Amino acid sequence: MKAFERQSEKYSRFGNMSAQGIKRLLGTPTIDQLQTVIREAVQNSWDATVGRNKPQFIVHLRQLNDGEMQTVREVIFADYVPEETSDCLAGFLAQERPWVLELSDIGTSGLGGPTDASVITREDEDSDFVDFVRNVGTPRDTVHGGGTYGYGKSSLYSLSRLGTIIIDSQTRFKGGNERRLIACRVASSFIVEGGANRGKYTGRHWWGKYDLSGEGLDPATGNTAKSVARKVGALEREEKDYGTSIMILDPVMDDEPEKVMNAIQRALLWNFWPKMVTYPGKGASMAFRTMLNGEEMVLPDIDDCPPLDIFATALRNLKGGEGINIDCLRPQKHLGLLRIEKEPRGLRLPGFGPQDDDMFPEAACHVALMRPAELVVKYLDGNLLPPVAEWGGVFVCTDEHDVEHAFAMSEPPAHDDWCPKSMPKGNAKTFVRVALRRIKENMEQVAGTAQIDTAGQGAELARVSGRMGALLAGAIGDGLSPSRRAGRRGNSPRKPKSLRITNLEGYGPAEWSEGEVLAWFSFEVESPESREITISGHPKVFIDGENSDDAPDGTRPEIRAWLNKDEELLGTSERLIVDSNLASTVWVGITIPADCAVSFTPEIVES
């Protein structure tokens, strides 16, 4: 097969953006490099979805074999610019089995339109190829879209140690199907002092086939593109499998491949779970696959992967019309819907917990912010619930043009925040600012409530005051909505005059050690000074409005654990001996006899 030809970009008399400038488009996103690439790639794939197609997005981390490397050396990069750097292309070509990260989609439009950036296109014509391969920073102009080509592709180049990618795309052009393959590199600018190629170069290079005039380099097309794609192991495509595969050469990997793949899966789940949500009679809106060296790595189901199950429930309910209206009063405008769910804290799956990265939290207390495209922009942090509970919410702005446009304009290039401060004065800035304030006001109320929906476990929660203490129903009953804790605003906390227990509350059942399900209660100890105290607990069963020591089957509720506010174990017996200052907030877990409610009354018996 004939080797590809190379074109290196020269500076024009009017100037160009250097290769280094393209890489700097990334700025300093709030998320790590790999997560940035995954976010940008999936966003651009979603924006390129055609009609009602259900797009597929495939991530394949693999090593090139001997035959694939032969094609890479002898066909694609037979003509390359020698460089005296450690990250040079020659170093990659000398490797026996280098790693590549291949990002592919199916069911999208592919990179269509002309391949010459100087060709004028009508508004209804595609220009995706030149926008992605040639130009820098061109917006997709997709309604409710999420990405811009300049930022997205700069993240791809930055993830490659070589700044080099191979693009394989199946698309439609001039009424027919067309396969296109081209290699691109963003390296360092350089100067050629003499000869036919004398000049100053930006550091951008392309490999493909020159057009008939010999002035411009085009992608390889047709059978040549198909053959080369197959020989480098790219995703197999039929003629109507429209979409694009991007092969990132020598990706930056700071860990073992298995752990890198796990990080990719976490990034997909954390950022794109809304595309994985299923509804009655309707599947997910996007399919995802992950592979490591040809082996399928199955993604967990989001409904079995806490805390994503809470966010998924919130989104389902929100789309069913169950949400809090977030409105602006001046000017009067409906901005979107907010839905928050509270659940017992779910056990994290191996590889998808707080010990694995800073994405999956130990306890969820967040609202996922989204535009109507349902791509997570950012998670707003709120206040934690007790050790056994967590909450998650979703806010989606309306698809009304001036509202959606306001939120879109507030996003930085990484699309990872809403920043009204950077917007000019006007209604758009007001919409974003008011929405964020209203959302945060609702978030502040969450941690002050004790009611947790435990539907599906046959349990409801009720809280009653006085000597009866808090009540956790283990059977069907009427739940009493807890009141918010009263607080003294604007004043420093008062010093208590006496030693006492306050704010007794009950929470839904949650798992404890070895999968045992316990009822959980919290209370606070107010003390005028530090002293050693003994707290006695009196758990009882509650049946038909009456307290009893024993359940009908003869079992009794028992205390399994006393915890402090930091979830540290204080004790496991009926009595807790502790310093009063360390007992400012105490949690107690109690076993639940079958078909019973549990009540609990703590008392200070010694001090």
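Which residues of strand 17 are buried on one side, and which on the other? In this predicted model, Ala389, Trp391, Gly393, Phe395 and Cys397 are buried on one side of the strand, while Glu390, Gly392, Val394 and Val396 are buried on the other, so both faces are covered. The two lists follow a familiar pattern: in a regular strand the side chains alternate between the two faces of the sheet. Counted along its length, strand 17 (residues 389-397) has nine of its nine residues buried, and is therefore largely enclosed by the rest of the structure.

The pairing partners of this strand come next. Strand 14 (residues 332-344) runs antiparallel to strand 17, and nine bridges join the two. Within strand 17, valine 394 has arginine 339 standing opposite. Strand 15 also pairs with strand 17, but here the sense is parallel and there are six bridges. Phenylalanine 395 of strand 17 is the residue that stands opposite leucine 369.

Just past strand 15 there is a loop worth a look. It links strand 15 (365-370) to strand 16 (376-381), and proline 372 is found in it. Is this proline buried or partly exposed? Proline 372 counts as partly exposed because its relative accessibility is 23%, and the cut-off for buried is under 20%. The C-alpha atoms of proline 372 and phenylalanine 395 lie 9.8 Å apart in space, with their positions 23 residues apart in sequence. Phenylalanine 395, for its part, is among the buried residues of strand 17.

Turning to the helices, helix 10 (residues 401-409) and helix 11 (residues 427-446) have axes that come within 9 Å and cross at roughly 75°. That crossing makes helix 10 roughly perpendicular to helix 11. On the helix 10 side, the contact is made by Asp402, Val403, Ala406 and Phe407, and on the helix 11 side by Ala428, Phe431, Val432 and Ala435. Sorted by class, this contact has seven nonpolar residues, one charged residue and no polar ones.

Further along the chain sits an open sheet of three strands, with the order 27-22-30 and antiparallel pairing. Its edges are strand 27 (575-579) and strand 30 (602-606), each of which pairs on one side only. On average, neighbouring strands of this sheet are turned by 35° against each other, ignoring direction. Strand 22 (residues 532-537) meets strand 30 through four bridges in the antiparallel sense. Glycine 537 has proline 602, in strand 30, as its bridge partner.

What about the cysteines? A disulfide is a covalent bond between the sulfur atoms of two cysteines. A search of the whole structure turns up zero disulfides. Cysteine 184 is buried, as its relative accessible area is 1%. Cysteine 596 counts as buried too, at 1% relative accessibility. Cys397 in strand 17 also belongs with the buried residues.

Zooming out, the protein chain has eleven helices and 30 strands. Of its 607 residues, 52% count as buried. As for contacts in the protein chain with a separation of 6 or more, 72% are between residues 24 or more positions apart.

Terms used. Residues are numbered from 1 along each chain as its sequence is written. This is a predicted model: local features need pLDDT of at least 70, side-chain atom pairs count only at pLDDT 80 or more; totals for chains, interfaces and linings use all residues. Side-chain values use heavy atoms; hydrogens and water are left out. Axes are lines fitted to C-alpha atoms, for helices over the stretch in contact, and angles run from 0 to 180 degrees between N-to-C directions. Angles under 35 degrees count as roughly parallel, over 145 as roughly antiparallel, 65 to 115 as roughly perpendicular and the rest as oblique. Contact means heavy atoms within 4.5 Å. Ala, Val, Leu, Ile, Met, Phe, Trp, Tyr, Cys and Pro count as nonpolar, Asp, Glu, Lys and Arg as charged, and the others, Gly among them, as polar. Two strands pair if DSSP finds at least two bridges between them. A disulfide is a pair of cysteine sulfur atoms within 2.5 Å. Buried means under 20% relative accessible area, exposed over 50%, partly exposed in between (1.4 Å probe, protein chains only).
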